[in-house]
Amino acid sequence: MHTVQKDLAGLKKYSYLLAQLISRDFKVKYKRSALGVAWSLLYPLLTTGVLALVFANIFRFTQPGVSFLAYLMTGLTYFNYFSEASNLSMSSVVANFNLLNKVYIPKYIFPLSKCLFVGINFLLTLLPLYAVLIFTGTGITWHHVLLPYSFLCLFLFTVGMSFLVATIAVFMRDMFYIYGVVLTLMTYATPIMYDLAIVQDQTLINILKLNPLYHYINFGRMIMLFHQVPSLDSFIACALSSIVVLLLGLYVFRRNQDKFIYYM
């Protein structure tokens, strides 16, 4: 408890630095970009359109009355946040070694800033997602007020994973290459482009459901596509997976952060 209070106090003390890091990332990302922030709105639409053309007739989609385009974009919106945030966070500590050598800064600030930066882009991508929901006739109901719960769980899970991969990357630089393969594997292990109903092996289905991203995406789809309140099991699965991974990531990061200086 004392450690958590200390971290929260440090976060408040360095909130200005956190804001500056996020601002810097925005400037770097959109520097010399003709479309600027508008690219954050166009990119998910273009990606979804291409994937829909490629995979719509390959995978047997078995959800009656549900648009495959809306189904696909819902999954991509959740997964892309995790993928981009954790990938950027992985190199955040290593990329700031020079700064860490000069002044004292809580090291967790760097992975956290990446998750928040990508989180702002995530909120922007909700605009084209809702445009697709309206365009496909899926509609918007009162159930959408429950969506922030899944967003929060996704954020906490991503922060925890970011702490883990950022720690590993300090000690093993091969992680920068390995993690790309891991993300590719997770892309296909998460039902983004396909319906889990096409999987015939129940054992494989049970294994795929161990993936926390499945639960966050399924939670969102139950609300956005089926206009239903997710089950209590879904609420619990989202909360448990995010909290467990967050605590594990915090533990591993704090346990090893004092050793980072020896690997700069």
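Contacts that reach far along the sequence dominate here: among contacts in the chain with a separation of 6 or more, 80% come from residues 24 or more positions apart. The model is a predicted one, and its secondary structure is all about helices, with 12 helices and 0 strands. Read along the sequence, that gives the pattern α-α-α-α-α-α-α-α-α-α-α-α. As for burial, 48% of the 264 residues of the chain count as buried.

Helix H11 makes a good place to start. The helix covers residues 212-224, and at 1.5 Å a residue its 13 residues should span 18 Å; the end C-alpha atoms sit 19 Å apart, which agrees. Of those 13 residues, 11 are buried, so H11 is largely enclosed by the rest of the structure. The buried set runs through Pro212, Leu213, Tyr214, His215, Tyr216 and Ile217, then picks up Phe219, Gly220, Arg221, Ile223 and Met224. What do these buried residues of H11 pack against? The partners are helices H4 (68-90), H7 (109-135), H8 (147-171), H9 (175-189), H10 (202-208) and H12 (232-256). At the N-terminal end of H11, asparagine 211 acts as the cap, with a side-chain oxygen 3.0 Å from the backbone nitrogen of leucine 213.

Just past H11 comes a backbone oddity. Most residues other than glycine have a negative phi. Histidine 227 is not a glycine, yet its phi is positive, at about 55 degrees. This histidine 227 sits in the loop between H11 and H12. With a relative accessibility of 25%, histidine 227 counts as partly exposed.

Two of the helices that H11 packs against, H4 and H9, also pack against each other, at an angle of about 170 degrees and with their axes 11 Å apart. An angle over 145 degrees counts as roughly antiparallel, and H4 and H9 are therefore roughly antiparallel to each other. On the H4 side, the contact is made by Phe79, Phe82, Ser83, Ser86, Asn87 and Met90. H9 answers with Met175, Phe176, Tyr179, Leu183, Met186 and Thr187.

Helix H9 also holds tyrosine 188. Is tyrosine 188 buried or exposed? At 51% relative accessibility, tyrosine 188 counts as exposed, the cut-off for exposed being over 50%. Leaving aside residues up to four places away in sequence, tyrosine 188 touches Met193 and Tyr194. The C-alpha atom of tyrosine 188 is separated by 9.8 Å from that of leucine 208, a residue 20 places apart from tyrosine 188 along the chain.

On the charged side, how many salt bridges does a search of the whole structure find? The search turns up 1 salt bridge. The pair is lysine 114 and aspartate 25, and the closest N and O atoms are 3.0 Å apart. Lysine 114 belongs to helix H7 and aspartate 25 to helix H2 (residues 15-30), so the pair ties together parts that are 89 residues apart in sequence. Are these two partners buried or exposed? Lysine 114 is buried, with a relative accessible area of 13%, and aspartate 25 is buried as well, with a relative accessible area of 9%. Both calls rest on the cut-off for buried, which is under 20%.

Technical notes:
Residues are numbered from 1 along each chain as its sequence is written. This is a predicted model: local features need pLDDT of at least 70, side-chain atom pairs count only at pLDDT 80 or more; totals for chains, interfaces and linings use all residues. Side-chain values use heavy atoms; hydrogens and water are left out. Helices (H or I, at least four residues) and strands (E, at least two) are DSSP runs, numbered from the N terminus. The expected span of a helix is 1.5 Å times one less than its number of residues. Buried means under 20% relative accessible area, exposed over 50%, partly exposed in between (1.4 Å probe, protein chains only). Contact means heavy atoms within 4.5 Å. A polar contact is a pair of N or O atoms within 3.5 Å; within protein, one must be able to donate a hydrogen and the other to accept it, and residues adjacent in sequence count only if both atoms are side-chain atoms. A salt bridge is a side-chain nitrogen of Lys or Arg within 4 Å of a carboxyl oxygen of Asp or Glu. Axes are lines fitted to C-alpha atoms, for helices over the stretch in contact, and angles run from 0 to 180 degrees between N-to-C directions. Angles under 35 degrees count as roughly parallel, over 145 as roughly antiparallel, 65 to 115 as roughly perpendicular and the rest as oblique.
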